[in-house]
Amino acid sequence: MGLFQHKKKSSTDDALFNEQHFFDENFREELRNHGRWYFEKVINENGALFKQDLDATITELNGELKGHINEQLDVAIAKVSVELQGHVTKQLEEQFAEHNKAIQEAQDIALQQMATSAQNLAQQHKQLGETLEKAITDQQATLATTFEDSKAQITKMKDTQGLTLQWLAQSVQALQQQHEQLTTTLQKNVAEQKAMLVDVFEQNMAQVIEHYLLNALGDQYDLKSQLPSIIKQMELNKQAIVDDMKS
Amino acid sequence: MSVPRALTFADFALPTNIVSKSDVSRLVAEFEQVDDQLTTAAIRSKTGAGQPAPLSLSQQLTEFMNQNKLRPSTSKERSELIKQLRLLKDSVPVMHMTFAVEADRESLQQLVQWLRSSVHKQAVITVGIQPALIAGVYMRTPNHVRDLSLRASLKGSRGVLVKDLEALRGSR
């Protein structure tokens, strides 16, 4: 027994030991991370390629779909146009037929009314002619009567005119006399008015002169300069003033 | 000197600087005031309260006293004089005079002098102004009015003016 009692280890055990020592937890984790990174890289690359292919496919599909839709629409529009044209044509023809019928009926009614009107006009024309003939006959009779009356009136007017002329001559003579009298009276009145106005003017003139003097002489003299005149006036009225004061 | 027994308000002569009735009223009021001052002074001298202020009389009162020779020395005399002055104030004859312009004091004194020498020795005047009179005076006594103005003169001469105008018209 001693230090070298230990059994010598085999190479397999060493390899296992080395393997276990080499592939420890850290190394395994490193390997997992590397694997994960690699997997992600592959996935991303494949995703990008897939996306590129998908875009190309979608673009191609869009183009084909657009072309197909256009084609289908053209066919449908052509078909609808043909059908619409037929329908419109049919409708128009029906309406034209109805209008023609209505116009024909209106023409018939108008012709009927015109015939009736013409007949009425003929009757009215006949009646008017008869009335006119009658009126002319009446007018002729009236004119003859009026002429006779006018003739008599003219004769009367001539007589009256003669009388009027005579009366006018007399009136003119009377007017001349009145005019002369009026002229005389007017002249007399004018003379009187003139005299009256002059009298009034003289009265007013006196007032005007007084007013002028009042304005012109006012404030011209002070009391001192008036005093001799005032005392003189008072002297003249002295006895009366004394009597007033005593009474 | 004292107020003589016989001297009453009717005997007073008014100086010419007393022109209007308000001057007379002022004279009475002033003399009453003087009497009050003299009475107060007498009482103060009796009580030995000191010398009173010297009296100051207006020119109107001084002239009135001098002209009438009045020297009332006792309180009784002053009271009698006040009584007479009051009677004078109530009895002075007043003449109202209206002028065309404002009356100066000197002219009024001359007019009062004439009135006192010619009409009544105690006559006073009251004054009015009326520019429409132009000149002259409009007098009013208690019972009468006298228009001695130029306006009245012109009015009275209006007939002459009308006659002159008529004559002028006749000459044309």
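A patch here is made of residues with over 30% relative accessible area and no salt bridge, where like charges are joined within 9 Å and nonpolar side chains (Val, Leu, Ile, Met, Phe, Trp, Tyr) within 5 Å. Keep that in mind for chain A, where Val80(A), Leu84(A), Val88(A), Leu92(A) and Phe96(A) form a nonpolar patch on the surface, with about 460 Å² of accessible area together. Accessible areas come from the Shrake-Rupley method with a 1.4 Å probe, and for residues only the protein chains shown count as cover.

This is a predicted model, so local features need pLDDT of at least 70 and side-chain atom pairs pLDDT 80 or more, while totals for chains, interfaces and linings use all residues. Residues are numbered from 1 along each chain as its sequence is written, chains are lettered from A and ligands numbered from 1 in the order in which they are written, and side-chain values use heavy atoms, leaving out hydrogens and water.

Back to the patch: Leu84(A) sits in helix α2 (residues 25-217) of chain A. Helices (H or I, at least four residues) and strands (E, at least two) are DSSP runs, numbered from the N terminus. Leu84(A) counts as exposed because its relative accessibility is 51%; buried means under 20% relative accessible area, exposed over 50%, and partly exposed in between (1.4 Å probe, protein chains only).

Now for how the chains meet. Chain A and chain B bury about 3,300 Å² between them, 69% of it on carbon and sulfur atoms; buried area is the accessible area (1.4 Å probe) that two parts lose on being put together, summed over both. Chain A brings 33 residues to the contact and chain B brings 39, with contact meaning heavy atoms within 4.5 Å. There are two salt bridges between the chains, each a side-chain nitrogen of Lys or Arg within 4 Å of a carboxyl oxygen of Asp or Glu. Glu106(B) and Lys224(A) meet in a salt bridge at 3.4 Å, N to O.

Met234(A) touches residues of both chains, among them Ile241(A), Met97(B) and Trp114(B), not counting residues up to four places away in sequence.

Finally, chain B has a pair of loop residues with positive phi, though neither is a glycine.

| Residue | Phi | Loop in chain B | Relative accessibility |
|---|---|---|---|
| Lys69(B) | about 55° | between α2 (59-67) and α3 (75-91) | 59%, exposed |
| Ile134(B) | about 70° | between β2 (124-129) and β3 (136-140) | 1%, buried |
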